[in-house]
Amino acid sequence: MKEKLIADINKKKVWYGNELLKVRDLFSRKEEKGFNITRADDKFFSNYWQVYAWAAIIGFINGKRVTGDPLPNKTSFEFQVISNASENIANALVLMAIGKMKVISVDKLLDSRDILTIISEYAEGGAKHVLELRETPGYDAKFNFAGDYFEEIFERA
Amino acid sequence: MIIRQVTICNFFCYLGENKFAFDEGLNIVSGRNGSGKSQFFNAFYWTFFDKIYTEDNAEKKKKWTDSRNVAIYPHALIPVTDPGGQFTTSVSVSFNADDYNKPAYSAEEPVTYIFKREVTFRNTDRGFSAIIPAELSIEYIKDGETFILSRGEHDMVLDKIFPKSIRKFMWYQGETMDELYNFSKVPTLNAAINEISYFPKYDFMNKVVIAADKSINKKIEKELAQQNRLTREQNAIYNDISFLEKTIDLKEGQKNELAEQLFNLEDEMTRTEQKLEGMDQFVEYKVKLAQLEAELRNVKDKIDDIDINTKERLINTWMLNRCDKLIKASGPNLEMLNAEIQQQQAHKNPVPMNLPGPEYVEQMLNDKVCYICERPVEPESDAYEALKRRLNDFELNAQVKLLQENYTELNRYRKKLLTDLPKINEEIAENQTKQDNLIKRRNALGKQINNLFADLGMEGRADLDTRATAAQQNVQKLKTYRADITAKQKRLSALEQELMSQKASLFEKKRVRDGFTKADQSNLVESQAADYITLFLKSISVLKDRAYDTLIAELEQESNRLYALYLDNKQQGRITIGNGVHVVDVKTDLPLIDLNQGEVVAQKLAVANAFLSLSERKMNRSYPLIADAPSSDLDAVNTYNLTVNIGGSFEQIIIMSKDYIQFSDHDLNKLIVEANVKHFYRIDNQYIDPNGGTSRQNRRSIATIIK
């Protein structure tokens, strides 16, 4: 390891699975070249990193992790996009991932790709959890409105 | 002047022909609100002046309006008039008054006038409209002969019969009492004195003798000049007198012109103030609205800011709510990292740690010499091995350093997050409260704005803007008038000073002139005549001043008599007339301000009525007093007193009022006797068809003769 962990993670691309892709398209505006807000689109998130981080947090909070997923979407954005937008979110994700690691060596503990993979597995789990929730009768429109996000956050146990 | 009969036909609530007879003395038309009293009053005013006193929808205030802007026909005729059908509305008033042709103050018998205004309405596609504008016809009957006046003579006859300066208190509405002439203003008082008192007669006589004096002295001067009996100095005196007289005449003219301008300006100012009275609320409302709207904008901006900020905070921090435990869970792994760092730092080596760098140690190994102790270092020796280990230490240290940095950084983030995250719920709740309060405020402000428009009875702010602008324009006008008045008053005062000094100078020159005319030319007939004219001049000037003083004293006396009667001798003040009209304390003579409404009304009525009363007594010129709700600002006792006492002051009074319905039949009969009421009518608004509903189309006013 030649570099500090956070710097190393920041340079790496975030990979994510197909459940997250679905959630991303449901709740985030399309990021277009030059600008990322289309006027007709009033989805809650305006950047992909936001929906990724949100799904990951949902995954961590609810203990939902999808392991072994090939995480085929590998070219979306670098982790530093999250760090630049919100250091708190980026650091929290890394620390939560470290908290979930069961390793015996320091080298493994500080493996940036491993950390990113754990975050993405929870993001995939969180995305799946949200999609399942929306399939529950009465919850089909869950997270279609801003209030739902506040409710979920405010009412966490 | 005595009104004899009023015939009202199809006018407002008066359906068909309605006749009212009146006589000298007090006549009363009584009725509840909405019975038709005010329309009875309007019948008079419409006939004579083609105006209706009605509410202006836009300004929510009653005002005099051209009759063509008001539907004066009975609504009851709307359903019964076929399309194309028509009906006529008319009011005719017959009265006895002085012949408008006769010279002033002649003792000829009054003639009978019949004023009739008539208009025909037709039911057209666009509703009821007048076929031609309402037309006035004036007939007068003299010595049994009827004459019809040409339209060109109408205004002149009206002005003669109803002098403009007294119309306001000859025809008045209780509601418009504020609009009565304000006699506290000197020009207003003087205008009334000049138009309806006996004082102008004396003033005129004075002018005549002044002219005679001038004329006779001219003749003397001419005579003396022809006889070459004037010295150069005496000639100069005549020239000076002539110049001074011309200058004084000119300046008197300017003074009168200025006084008239001031009078008009003050009148205009009063009118503007009255206009503003109904409109100043719009300015207040506009200011209030602007404040409310500014606050609303501010609150909305804050709500928008909170909305944006809330979402930003949610995405950037609040999403981590309750993640503390998960972050705390990173502790053991970070401790493992720390342990590794400790372990790697635990290495022992006799070679000091503070060597310059790995190159230095490498040189020592190559040279096989320890540059620290200057001793040879043999390969495989302990010292050689220690140096080799130190070389590795540099690499190891770099790794430990990186590990340490990672540990420190992660630990710092962890600590920060564990401090920040527990506050999220509190922060969200606080944010929510703030937002709720702002939303409540926004709704309350919205309601206040709506209420404000509801109060004004307006749809939107455009209306308010227009009115407020008009009000501001009037405020601006008032400022201009005030500035103009101040400037003119200064000019007037300067003119009066100049006049005073020139009059003194003229007096002095005349004294010199009289000295030499008396000494040298007493044989001249003109000079003897001049002596008599001077005598007239002096005596009539004194007479004129006395007449003025007497008039003021009589006005004061009559005003105070009426004032006391109207207020049942409970008045706290006394009316003084001199430099305008004022009320002073009966005991201390100090001016009284803040009189109650009853006292203000009584004072205005008393002075106005004193003028009319004196005009009638001293000059045999009487005007009927036609008043709608004159007692509306008075209580029952004062109403009773006013009624009992007002009758004695005038040849004829016609009062329309709702204030008599408060009296029992017994009290009313007592009042009719005590006040010597000549005619008492009660007007009731009745349903035409008892089962026809409450619409105006099913109503008419019916008069019942009580006396």
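## Chatting through helix α2 and the chain A–chain B contact

Biologist: Which residues of α2(A) are buried?
Modeller: Glu19(A), Leu20(A), Val23(A) and Arg24(A) are the buried residues of α2(A). Bear in mind that this is a predicted model.

Biologist: And how do those buried residues sit around the helix axis?
Modeller: Looking down the axis of α2(A), they fall within an arc of 140°, so they line one face of the helix.

Biologist: Why would residues a few places apart end up on one side?
Modeller: There are 3.6 residues a turn in an α-helix, so residues three or four places apart point the same way.

Biologist: OK, what do the buried residues of α2(A) pack against?
Modeller: Their partners, in chain A, are β1 (13-16), α3 and α7 (112-135).

Biologist: Let's take α3(A). How is a pair of packed helices described, anyway?
Modeller: By the angle between the two axes and the distance between them.

Biologist: So what are those values for α2(A) and α3(A)?
Modeller: Helix α2 (residues 18-27) and helix α3 (residues 48-62) of chain A have axes that come within 9 Å and cross at roughly 125°. The two helices are therefore oblique to each other.

Biologist: Is that crossing left-handed or right-handed?
Modeller: Right-handed, as α2(A) passes α3(A).

Biologist: Which residues make the contact?
Modeller: On the α2(A) side you have Leu20(A), Val23(A), Arg24(A) and Phe27(A). From α3(A) come Tyr48(A), Val51(A), Tyr52(A) and Ala55(A).

Biologist: How do they divide into nonpolar, polar and charged?
Modeller: Seven are nonpolar, one is charged and none is polar.

Biologist: Zooming out, what's in chain A overall?
Modeller: Eight helices and two strands. Reading from the N terminus, the order is α-β-α-α-β-α-α-α-α-α.

Biologist: How much of chain A is buried?
Modeller: Buried residues account for 44% of its 157 residues. As for contacts in chain A between residues at least 6 apart in sequence, 72% join residues at least 24 apart.

Biologist: New topic: how many residues does each chain bring to the contact between chains A and B?
Modeller: Chain A brings 30 residues and chain B brings 30 residues.

Biologist: Which helices of chain A supply at least two residues each?
Modeller: α1 (5-11), α3, α5 (87-100), α6 (106-109) and α8 (146-154) each do. α5(A) gives the most, with eight residues.

Biologist: And what kinds of residues are on that side of chain A?
Modeller: The side of chain A that touches chain B has 23 nonpolar, five polar and two charged residues.

Note on methods:
Residues numbered from 1 in each chain as written. Chains lettered and ligands numbered in written order. Predicted model: local features only at pLDDT ≥ 70, side-chain atom pairs only at ≥ 80, totals over all residues. Axes fitted to C-alpha atoms, helices over the stretch in contact; angles between N-to-C directions. Helix = DSSP H or I, 4+ residues; strand = E, 2+ residues; numbered from the N terminus. Parallel < 35°, antiparallel > 145°, perpendicular 65-115°, else oblique. Left-handed = near helix turned anticlockwise from the far one by under 90°. Contact = placed C-beta atoms within 7 Å. Nonpolar A, V, L, I, M, F, W, Y, C, P; charged D, E, K, R; others polar. Buried ≥ 20, exposed ≤ 12 C-beta atoms within 10 Å, placed from the backbone. Arc of directions from axis to C-beta.
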